[in-house]
Amino acid sequence: MALGHTACMHAADNLIYTREVIRAIARKHGLLATFMPKYALDDIGSGAHVHLSLWQNGTNVFTASGGSSQHGMSKIGEEFMAGVLHHLPAILAFIAPIPNSYDRIQPNTWSGAYKCWGKENREAPLRTACPPGIQAGLVSNFEIKSFDGCANPHLGLAAILAGGIDGLRNHLRLPEPVDTNPSGLGAEVERLPKSLSESLEALKEDNLFADLLGENLLVAIKGVRKAEIDYYSKNKDAYKQLIYRY
């Protein structure tokens, strides 16, 4: 289900409203709607993919202009996306916030398990998109696959924006795109955190978020993530109750 694009904060609000409507309609018909990442561990999971573009004065400035870009995006777009990719291991602590999130983020499940980006590559966590109506060779936005239904959409988008802003500040550049399945590239591509413990450790080592999100908020988020890790490590089947929470 795709929601129409709008300004970032409104998009987060709309996601919450949409989920509540879906849950309510499901209850009306005697059903339970859930957005948890992976209830059946032997099946494909459920994500909340995010598409981002950058706008200024009514113009999409993520898209390249003048045909000068190698990858179809502007310098601003590349720097922003490079910042998100650079900080993605730590961003996962916001957008994949529970241990069950990492049952979903596995190779060969279209969820993006490796630290890379690609052009229309559904195995890359970051994917540039050229939807119908966009000139050939240009991209209008990029997609983040790691986001899931247990994430607070406002905090998750804030973390993504923080990474992008750092990319703009430091003029970061993207590596070459990966346009094959990264699981077959071995040591050529870095594996993203395989657990909430690993993404929490990446967050602790990344100094960006205290600067842009505030130390008090960051302390609270780290504390909640640690509590989630402790709880689910002691209660192996507790993840099944997530269908009633998310």
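Me: To fix terms before we start, helices here are DSSP runs of H or I with at least four residues, strands are E runs of at least two, and both are numbered from the N terminus. What pattern does the protein chain follow along the sequence?
Reply: This is a predicted model, and in it the protein chain reads α-β-β-β-α-α-β-β-β-α-α-α-α along the sequence. That comes to 7 helices and 6 strands.

Me: What radius of gyration does the protein chain have, and what would a compact globule have?
Reply: A compact globule of 246 residues would have a radius of gyration near 18 Å, and the protein chain agrees with that, because its own value is 18 Å. Along its principal axes the C-alpha trace spans about 55 × 40 × 40 Å.

Me: How much of the chain is buried? And what about the surface?
Reply: Of the 246 residues, 46% count as buried. The accessible surface of the protein chain comes to about 12,500 Å², and carbon and sulfur atoms account for 54% of that area.

Me: What share of the contacts join residues at least 24 apart?
Reply: If you take the contacts between residues at least 6 apart in sequence, 69% of them join residues at least 24 apart.

Me: Switching to charges, how far apart are the mean positions of the positive and negative ones?
Reply: There are 24 positive and 25 negative charges in the protein chain, and their mean positions are 5 Å apart.

Me: How many salt bridges does a search find?
Reply: A search of the whole structure finds 8 salt bridges. As a general point, side chains of opposite charge can pair when their charged atoms come close.

Me: Which residue does Lys75 pair with?
Reply: Lys75 meets Glu79 in a salt bridge through their side chains, at 2.5 Å from N to O. The two residues are 4 apart in helix H2, which covers residues 75–95, so about one helical turn separates them.

Me: Are those two buried or exposed?
Reply: They fall on opposite sides of the cut-offs, which are under 20% relative accessible area for buried and over 50% for exposed. Lys75 is exposed because its relative accessible area is 57%, whereas Glu79 counts as buried because its relative accessibility is 5%.

Me: Which residues are linked in a network of salt bridges?
Reply: Glu120, Arg127, Glu143 and Lys145 are linked in such a network. Within the network, the side chains of Arg127 and Glu120 meet at 2.4 Å, N to O, and the closest N and O atoms of Glu143 and Arg127 are 2.6 Å apart.

Me: Where do Glu143 and Arg127 lie?
Reply: Glu143 lies in strand E6 and Arg127 in strand E5, so this pair ties together parts that are 16 residues apart in sequence. Both Glu143 and Arg127 are buried, and for Arg127 the relative accessible area is 5%. Glu120, by contrast, counts as partly exposed, at 41% relative accessibility.

Me: What sits in the loop between strand E5 and strand E6?
Reply: Val139 is one residue with its place there, between strand E5 (126–129) and strand E6 (141–144). Although it belongs to a loop, Val139 is buried, with a relative accessible area of 7%.

Me: What does Val139 touch?
Reply: If residues up to four places away in sequence are not counted, Val139 touches Phe62, Thr63, His71, Gly72, Met73, Thr128, Ala129 and Ile134. Gly58 is 81 residues from Val139 along the chain, and the C-alpha atoms of these two are separated by 17 Å.

Me: New topic, backbone angles. Which sign does phi have in most residues other than glycine?
Reply: Most residues other than glycine have a negative phi. Here Asn57 has a phi near 55°, a positive value, and Trp110 has a positive phi of about 60°.

Me: Where are Asn57 and Trp110 found?
Reply: Asn57 is in the loop between strand E2 (55–56) and strand E3 (59–60), and Trp110 lies in the loop between helix H3 (101–104) and strand E4 (117–119). Asn57 counts as exposed at 78% relative accessibility, and Trp110 is exposed as well, with a relative accessible area of 53%.

Me: Last one, is Lys234 buried or exposed?
Reply: Lys234, which is found in helix H7 (residues 215–234), counts as exposed at 68% relative accessibility. Lys234 and Ile160 are 74 residues apart in sequence and 31 Å apart in space, C-alpha to C-alpha.

Note on methods: Residues are numbered from 1 along each chain as its sequence is written. This is a predicted model: local features need pLDDT of at least 70, side-chain atom pairs count only at pLDDT 80 or more; totals for chains, interfaces and linings use all residues. Side-chain values use heavy atoms; hydrogens and water are left out. The radius of gyration is taken over C-alpha atoms; the globule rule is 2.2 Å times the number of residues to the power 0.38. Buried means under 20% relative accessible area, exposed over 50%, partly exposed in between (1.4 Å probe, protein chains only). Contact means heavy atoms within 4.5 Å. Accessible areas come from the Shrake-Rupley method with a 1.4 Å probe; for residues, only the protein chains shown count as cover. Lys and Arg count as positive and Asp and Glu as negative; His and the chain ends are not counted. The place of a charge is taken as NZ of Lys, CZ of Arg, CG of Asp or CD of Glu. A salt bridge is a side-chain nitrogen of Lys or Arg within 4 Å of a carboxyl oxygen of Asp or Glu.
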